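Colleague: I would like to go through this model with you. Short answers, please. Where do we start?

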Amino acid sequence: SSSAAATTADDDDGDCYDVVVCGGTLGIFTATALLARDSSLKIAVLERGPLLGRDQDWNIARSELAALVELGIMTQQEIEECIELEFNPMRVGFKTSSDGSGFSTPVNDVLNIGISPKKLIATARKKFEDLGGTVLEKVSLSSISIPENYEGELDNTKKEKNTNNFAVLQCTDSQKQNLVLRSRLVVDAMGSGSPIAAQARGPKKPDGVCLVVGGSMATDQFKDLNSDGGDLIYTMNGAIEVPTLATDQQYPFPPSSPNYIQTPNKTSEIQLFWEAFPSSAGPSYRTTYMFAYMDTQQQRPSLQRLFQEYWRLLPEYQNLDHSIEELVDMGKITPKRFLYAVFPTYTDSPIQYPNNWHRLVSVGDASGIQSPLSFGGFGALLRHMPRIIPGIEDALAKDYLDHSSLKGLNPYLPNLASTWMMQTSMSAPVVSSSSSSSSSPS
């Protein structure tokens, strides 16, 4: 999706809906829940690519999956058919010194389900379409026009809808043809990279980020570190110095980039955390991720550098007999999938739209409602759906689609604010040379 701008709606004709959900990968769950509760609603899901899940595992707790049944999205049997593996316990462990001292403790039933997003999304989509929902895939959102002054569209005497005050979505399909949609309500489910959220926040930098690198591979070198379980969070050492740039990087951005800055290579202390899961790809496969919490100062390492640290430290973490380079040369590693991710977080969350942004509500990571400690995504969406879905249903039924009414769906959450203290304690601060040479306290 490209930029989403709040402007004056025009009078072009277009398909009219009660709800248009932007972002189908996770938005399909919100759309299906709404339609399952009220089959008279006309709902469309807008997805710029094909609406399907990846061939991987999403890790989640069984207790969190109960929301899918509670909201009528799936049956328990359908959920069981999507679960690829289940394992326990998960290890929480921290080494506090280089001699290996520290502590670890097992926890059960936390992120111990590997579920197939491919099956999960396909099942939710089928339910949505069987209920009469419309999937518009390979359709990109260009802009959203919202009338500045909200007017209720329901004429209670005639029970007819006045569409002149609807939100207007300008879209482009895969054939570059323009498509105009009108909707009583637009739901932003486009994640932390949502252009709607970006416009609402403006130039403000994130207050923190979680950088994640890792992936899934197979090798007979994997040792049975944790019985049939995995690692929820684990450290092998304290904070370590990590350079800003990768070994083959000269600058953070190439000269052709608009972000090109000639910045010298610096270092900063980073606390590295690990997690590991069994994989549905097979018993010899394991998924491992390395992640770190930090601010957005320029000294922080690039993702390319973090990936180099991941490859360097992975043999120690997984107790391998050889370096990754040696295992590759010996043909003893079978890669499946590797990824990197940046999860921005803001202290002023959940996000609040300008007062004249009516008929617009955000769910999941687009709302900023995820914890600064978690990776967001599917789990963050599910945790709030039993609260948000009935609220959206009431707003639609009673015509409470103005800004002041909808903002109550994502209120200030004290428990979300408290996790910022934990995020700060798990981040190593950048220490300037002047402060590091200060005298010791008396």
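Modeller: With a definition: two strands pair if DSSP finds at least two bridges between them. Keep in mind that the model is predicted.

Colleague: Take the sheet of 7 strands. Which strands stand at its edges?

Modeller: The sheet is open, with mixed pairing and the order β6-β5-β15-β18-β19-β14-β20. An edge strand here has a single partner, so one side of it is left without a neighbour in the sheet. The two edge strands are β6 (102–107) and β20 (334–345).

Colleague: What does the twist average from one strand to the next?

Modeller: This is again the open sheet of 7 strands with mixed pairing. From one strand to the next, its twist averages 15 degrees.

Colleague: What is the bridge partner of A218 in β19?

Modeller: β14 and β19 are antiparallel and share 10 bridges. β14 spans 208–218, and β19 spans 285–294. In β19, A218 has as its bridge partner Y285.

Colleague: β18 also pairs with β19. Over how many bridges?

Modeller: F273 has F291 as its bridge partner in β19. F277 has T287 as its partner there. β18 (273–278) and β19 pair in the antiparallel sense, and the count is 6 bridges.

Colleague: Which residue in the turn between β18 and β19 has a positive phi?

Modeller: The two strands form a hairpin, with 6 residues between them. In the turn, a phi of about 150 degrees belongs to G282.

Colleague: Are the residues of β19 buried or exposed?

Modeller: Y285, T287, Y289, F291 and Y293 point one way from the strand. R286, T288, M290, A292 and M294 point the other way. Both sets, 10 of the 10 residues in β19, are buried.

Colleague: Now the helices on this sheet. At what angle does α6 run to β14?

Modeller: Helix α6 (303–317) lies across β5, β14, β15, β18, β19 and β20. Its angle to β14 is about 50 degrees.

Colleague: And what angle does α10 make with β14?

Modeller: Helix α10 (414–425) packs on the sheet too. It touches β14, β19 and β20. Its direction and that of β14 make about 70 degrees.

Colleague: Which helix gives the largest share of the largest nonpolar core?

Modeller: That core holds 48 residues. F29, L65, L68 and F378 touch the most other members. The largest share, 9 residues, comes from helix α8 (378–398).

Colleague: How many residues does the other core have?

Modeller: It lies apart from the largest core. Among its members are M236, I240, M294 and Y317. Its count is 26 residues.

Colleague: How are α2 and α8 oriented to each other?

Modeller: The axes of α2 (62–70) and α8 come within 9 Å. They cross at roughly 55 degrees, and the crossing is left-handed. Angles of 65 to 115 degrees would count as roughly perpendicular and those under 35 as roughly parallel. The two helices are therefore oblique.

Colleague: Which residues of α8 meet α2?

Modeller: On the α2 side, the contacts come from E64, L65, A67, L68 and E70. L68 alone touches F29, I73, M74, I79, L120, F378 and L382, leaving out residues up to four places away in sequence. On the α8 side, the residues are F378, L382, R383 and P386.

Colleague: What is the handedness of the crossing of α1 and α4?

Modeller: The axes of α1 (24–37) and α4 come within 9 Å and cross at roughly 35 degrees. T25, I28, F29, A31, T32 and L35 of α1 meet L120, I121, A124, R125, K127 and F128 of α4. The crossing is left-handed.

Colleague: Next, the sheet of 3 strands. Which strands stand at its edges?

Modeller: This open sheet has antiparallel pairing and the order β3-β7-β4. Each edge strand has a single partner, so one side lacks a neighbour in the sheet. The edges are β3 (58–60) and β4 (83–86).

Colleague: What is the bridge partner of I83 in β7?

Modeller: β4 and β7 run antiparallel, joined by 3 bridges. In β7, I83 has as its partner I115.

Colleague: Last one. Is S116 buried or exposed?

Modeller: S116 sits in the loop between β7 (113–115) and α4 (117–130). Beyond its neighbours within four places in sequence, it contacts Q56, C82 and E84. Buried means under 20% relative accessible area. S116 has 6% relative accessibility, so it counts as buried.

How values were computed:
Residues numbered from 1 in each chain as written. Predicted model: local features only at pLDDT ≥ 70, side-chain atom pairs only at ≥ 80, totals over all residues. Heavy atoms only, no water. Helix = DSSP H or I, 4+ residues; strand = E, 2+ residues; numbered from the N terminus. Axes fitted to C-alpha atoms, helices over the stretch in contact; angles between N-to-C directions. Contact = heavy atoms within 4.5 Å. Core = buried A, V, L, I, M, F, W, Y, C linked by side-chain atoms within 4.5 Å. Buried < 20%, exposed > 50% of the residue type's maximum accessible area, 1.4 Å probe, protein only. Parallel < 35°, antiparallel > 145°, perpendicular 65-115°, else oblique. Left-handed = near helix turned anticlockwise from the far one by under 90°.
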